[in-house]
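I sat down today to look up the salt bridges, and I note here what I asked and what I found.

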Amino acid sequence: MPRALLLENIDPVAAELLGAAGYEVESLRGALDEADLTAALDGVDVLGIRSKTQVTAEVLRARPGLAAIGAFCIGTNQIDLATAAAGGVAVFNAPYSNTRSVVEMALAEIICLARRLVDRDRALHAGSWDKSAAGSHEVRGRTLGIVGYGNIGSQLSVLAEALGMRVLFHDLEEKLALGNAQPCDSLEELLERSETVTLHVDGRAGNAGMFGAEQFSRMPRRSLFLNLSRGFVVDHEALRAHVLSGHIAGAAVDVFPEEPREQGDPFTSVLRGLPNVILTPHIGGSTQEAQHDIGRFVAGKLVDYTATGTTNLSVNLPTVALHGSSVARFALLHRNVPGVLARVDALIGEHGLNVDGQVLATRGELGYAVTDVSGPLPADLLAALETLPEAVRLTTFARRER
């Protein structure tokens, strides 16, 4: 029976789907460090994680039997994707399932910061009746600057505009503006024209430290700032200084450079205790609806890959889907050099089999071919395929009826 290990409190629907597909599933509430993860992966075929578990090159090399990793979140920067690909380990994520949850939270926080609801709430809980309009504003008519106009940024753009906000955006790639949103040629232009700035960038290494003292100083005085993307993109010391000086009137931060590993662990940050600052524990996508959808989506991808070789939406392997049925199927991940497919087909013919269906895709240095054949796979054919000098990983699939 194949085994699956799910970490970080992944929605139970993932375990249900994997169990129904024949997996023995172990679910753990927290993340694991490198040593513990390496030990836990002994005999595991499929690993499911969220954002805190680091799947390093050392972990992957120590456990070559691992077939696939599911990141039950948007980001995959916690996984060494190149090493995973080189070892034939497919990686899947959930690029769309929690976008609405993040967008709704961003909108809620923009309104809370503009109205200073957090400070009013704290004062009233402390027994102080502070009924004043000082520093409280509507969001209608104000300018929102969105840094990163992907799935989340573009959806936020539409809903913010529906509230009456003017929307500017900046992205490294040229993006189609939705509604009346206006692109900015540079980050500097966006910062100088926006009264509220929200970050929705990805986890690429080049984004580390992209927002610091220089960027905060370019924003108009008494601006609002939000980061619901990645913790390492913002200099929190610089944010603290600009909040205390009054240059930034309020901030909402959901992600941090270093985050506790498990629920209930202590949390420290230089942003704690600041006025009109909302701190949340990386919950932008943590709604029951989003987590259920993520669990279902990623588990489905893992099941499809291990049952049929399908790599649709894999973040590190060539994308392949071969439909139909046959007596037997195998998938060969190989180095992307000329002539591999011809040698594969020649070997199939030499063993008296016909190709019923075949699809090949390449991605960088790798090629991935899924092949259906007309009869059972002889052991000597599989041995010949595995010993091809270009072969990285050969996978066979259970016999299926025509």
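The entries below go through the charged pairs one after another.

Entry one. I kept in mind that this is a predicted model, and I began with a search of the whole structure, which returned 13 salt bridges.

Entry two. I looked up K52 and E259, whose side chains meet in a salt bridge with an N to O distance of 3.8 Å. I then checked where the two residues sit: K52 lies in the loop between β3 (46–49) and α3 (57–62), while E259 lies in the loop between β11 (248–253) and β12 (277–279), and the pair, 207 residues apart, links distant parts of the chain. For exposure I noted a relative accessible area of 25% for K52, which is partly exposed, and 27% for E259, which is also partly exposed.

Entry three. I turned to helix α5 (residues 99–115), where E104 and R100 are four residues apart and therefore separated by about one helical turn. These two residues form a salt bridge, and I recorded 3.1 Å between the closest N and O atoms. E104 is partly exposed at 44% relative accessible area, and R100 counts as partly exposed at 41%.

Entry four. I next looked up R204 and D202, and found their side chains meeting in a salt bridge at 2.7 Å, N to O. R204 has 40% relative accessibility and counts as partly exposed; D202, at 33%, counts as partly exposed as well.

Entry five. Which residues are linked in a network of salt bridges? I found R116, D119 and R122 joined in this way.

Definitions and conventions. Residues numbered from 1 in each chain as written. Predicted model: local features only at pLDDT ≥ 70, side-chain atom pairs only at ≥ 80, totals over all residues. Heavy atoms only, no water. Salt bridge = Lys/Arg side-chain N within 4 Å of Asp/Glu carboxyl O. Buried < 20%, exposed > 50% of the residue type's maximum accessible area, 1.4 Å probe, protein only.
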